[in-house]
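Dear colleague,

Below is the structure I said I would pass on. My notes on it follow.

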Amino acid sequence: MGPMITRLLFGLFLIAIQIQAGDFRVGAAQVDITPKNGTPMAGYYKFRAVGGVLDPIYAKAIVVEQDGTHAAFVVIDLSGTTRPIVAAARKAVQEQCGIEGDHVMISATHTHTGPQLARGSLMDELTKANSPPGMDYMQALPGYIAQAVKEAKARLAPARPSVAMGRAEGISFNRRVLRDGVKEAIWQPKTLNPGTDKPAGPIDPEVGVLVFESDGKPVASYLNFAMHPTSVGGGLKISADYPGVFCKLVSERHGPGMISVFANGCCGNINHGDYLTGKRRTTLELGTALADAADAAWPDLKPVTTFKPRIRSEQVTLQRRTFTEVEIAKAKDITTRMFTENLGTVPMAEAVCILETVAKQNEPLLAEVQVIALSDELAIVSLPGEIFVELGLALKKASPFKHTFIAELANGSIGYVPNREAYPQGNYEVVSARNEVGSGEKLVEVALKLLGEVKAAR
Ligand SMILES: [Zn+2]
């Protein structure tokens with residue numbers, strides 16, 4: 001063959017590869033899901049009716065597609081997701097957008113100033129989630145989620161994803177503290193006793209930044225950090241909390257018109273209460289610190305070579321905790337008094353958990369683990385609960401992907417999921433956990449198995 005022909009054939013070969021690989025396309029959209037006044041609010045063990053808006057809350061969607069396979073990443077500014085809402089939303093997405101339900105990952109930011117979804121437990125009576133305004137809101141939500149996905153899909157355009165991992169130090173804290181000589185962990189101390197107190201575990205300082213560029217302009221970002229959004233605190237006004245500020249600033253600074261989406265990582269035991277300095281940072285300070293961390297990571301954004309989204313999901317059956325007759329009797333006593341007396345968060349959480357667990361002891365405790373890989377270097381894992389940070393760190397460390405994002409409170413929620421070491425240390429998250437010791441480790445194991453499968457798939 002002459003050099004001309006060789007060059008021609010080589011050119012055709014390159015074109016063939018490009019056609020074979022197909023364009024990676026992305027579209028993003030958001031739908032306002034701010035509830036009406038009077039809607040029951042989430043976050044605390046009591047009834048609070050919405051009485052205004054600090055900032056709107058959204059259902060946000062990023063839809064990706066390559067070679068005809070779609071995946072949708074949806075994040076809602078809510079305290080959690082429930083299985084019935086996720087099932088209804090996936091069905092609506094499938095019907096209205098033609099995207100398979102199991103290609104949709106729906107997670108919540110865990111804002112404590114959003115509406116409460118009924119969960120089929122005593123919490124519904126406490127928060128009045130099952131009142132008519134609460135039920136109206138719930139019924140509308142799957143439609144809003146489908147609308148966000150539909151609008152995002154309509155905007156699909158060739159795009160290039162880039163990833164960088166930033167770091168935010170000194171704004172998140174492991175909210176469980178161990179004191180010398182005391183078996184039970186201290187929960188959310190305002191300050192530490194120097195010399196005797198130390199955090200019971202680590203934090204995860206990583207700020208995941210995934211940016212999609214279309215025509216050289218950022219059109220969507222998927223941001224990831226692990227910390228409870230409780231900075232607005234109580235009150236009766238709706239707010240997306242720090243994730244709202246974080247997303248708004250990233251869009252303003254890097255691409256006006258860009259849709260920024262925040263997925264909360266494994267923050268079951270992580271919040272912003274700074275017991276080292278005694279400082280309570282504001283919503284604005286927290287969101288700004290994270291936006292600054294994303295800015296610092298921006299020059300490190302590296303494009304990833306995409307493939308057709310590889311998606312796996314598995315329903316894991318976990319074991320429920322069991323309780324003694326004495327514990328059950330005590331829980332019954334607390335739940336009869338908790339509507340009229342202020343008994344404190346921890347005893348109420350424990351009593352509600354015990355009675356719910358006893359009532360459902362013959363129902364399997366199901367947890368969906370979902371994995372969506374977009375590239376050899378990038379996968380997003382979802383877990384259905386408030387996962388302890390130790391589990392998230394272990395999962396990221398053992399992941400076969402260079403970059404692993406984790407979205408918690410996704411595709412339903414089984415409540416708090418402590419790591420094995422935390423159980424004997426008790427207190428809030430442990431006494432309100434529905435699942436038996438070892439459940440979190442099992443979820444990590446399944447996630448790693450699914451990551452291995454999508455990594456090896458062709
Ligand atoms: Zn929480």
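I begin with a hairpin. Strands β11 and β12 form a hairpin with two residues between the strands, and in it Asp215 takes a positive phi near 55°. Helices and strands here are DSSP runs numbered from the N terminus, with H or I over at least four residues for a helix and E over at least two for a strand. Asp215 lies in the loop between β11 and β12. Most residues other than glycine have a negative phi, and most peptide bonds are trans. Asp215 is not a glycine, yet its phi is positive, at about 55°. Asp215 counts as exposed because 9 other C-beta atoms lie within 10 Å. The terms work as follows: a residue is buried if 20 or more other C-beta atoms lie within 10 Å of its own, exposed if 12 or fewer, and partly exposed in between, with C-beta atoms placed from the backbone.

Before the rest, two notes on the source. This is a predicted model, in which local features need pLDDT of at least 70 and side-chain atom pairs count only at pLDDT 80 or more, while totals for chains, interfaces and linings use all residues. Residues are numbered from 1 along each chain as its sequence is written.

A second positive phi is found at Leu409, a residue other than glycine, with a value near 50°. Leu409 sits in the loop between β20 (403–407) and β21 (416–417). Is Leu409 buried or exposed? Leu409 counts as buried because it has 29 C-beta neighbours inside 10 Å.

The sheets

The hairpin strands belong to an open sheet of five strands, in the order β13-β12-β11-β6-β15, with mixed pairing. At its edges stand β13 (259–264) and β15 (302–303), each with a single partner strand, so one side of each has no neighbour in the sheet. Strands are taken to pair if DSSP finds at least two bridges between them.

Strand β11 (residues 206–214) pairs with β12 in the antiparallel sense over seven bridges. Leu210 has Tyr222 in β12 as its bridge partner. On the other side, β12 and β13 pair in the parallel sense over six bridges, and Asn224 stands opposite Ala263 in β13. Strand β12 (residues 217–225) is mostly covered, with eight of its nine residues buried. Towards the other edge, strand β6 (residues 160–167) runs antiparallel to β15 and is joined to it by two bridges. There Val163 stands opposite Lys302 in β15.

Another open sheet has three strands in the order β9-β8-β10, with antiparallel pairing. Its edges are β9 (186–187) and β10 (197–199), each with a single partner strand, so one side of each is left without a neighbour in the sheet. Strand β8 (residues 176–179) and β9 run antiparallel and are joined by two bridges. Arg176 has Trp187 in β9 as its bridge partner.

Helix α8 and the domains

Helix α8 (residues 345–359) has 15 residues and should span 21 Å at 1.5 Å a residue; its end C-alpha atoms are 21 Å apart, which agrees. The expected span is 1.5 Å times one less than the number of residues. The buried residues of α8 are Met348, Glu350, Ala351, Val352, Cys353, Ile354, Glu356 and Thr357. What covers them includes α3 (123–127), α7 (325–337) and α10 (428–431).

The chain is divided into domain 1 (23–309 + 408–413) and domain 2 (325–359), with bounds from an automatic or database domain assignment. Four residues of domain 1 are in contact with seven residues of domain 2, contact meaning that two C-beta atoms, placed from the backbone, lie within 7 Å. On the side of domain 1 that touches domain 2, three residues are nonpolar, one is polar and none is charged. The C-alpha centres of the two domains lie 30 Å apart.

The whole chain

The secondary structure comes to 11 helices and 21 strands. Of the 458 residues in the chain, 51% are buried. The C-alpha trace spans about 90 × 50 × 45 Å along its principal axes. A compact globule of 458 residues would have a radius of gyration near 23 Å, and the chain has 22 Å, which agrees. That radius is taken over C-alpha atoms, and the globule rule is 2.2 Å times the number of residues to the power 0.38. Among contacts between residues at least 6 apart in sequence, 80% join residues at least 24 apart.

Regards

Notes. Ala, Val, Leu, Ile, Met, Phe, Trp, Tyr, Cys and Pro count as nonpolar, Asp, Glu, Lys and Arg as charged, and the others, Gly among them, as polar.
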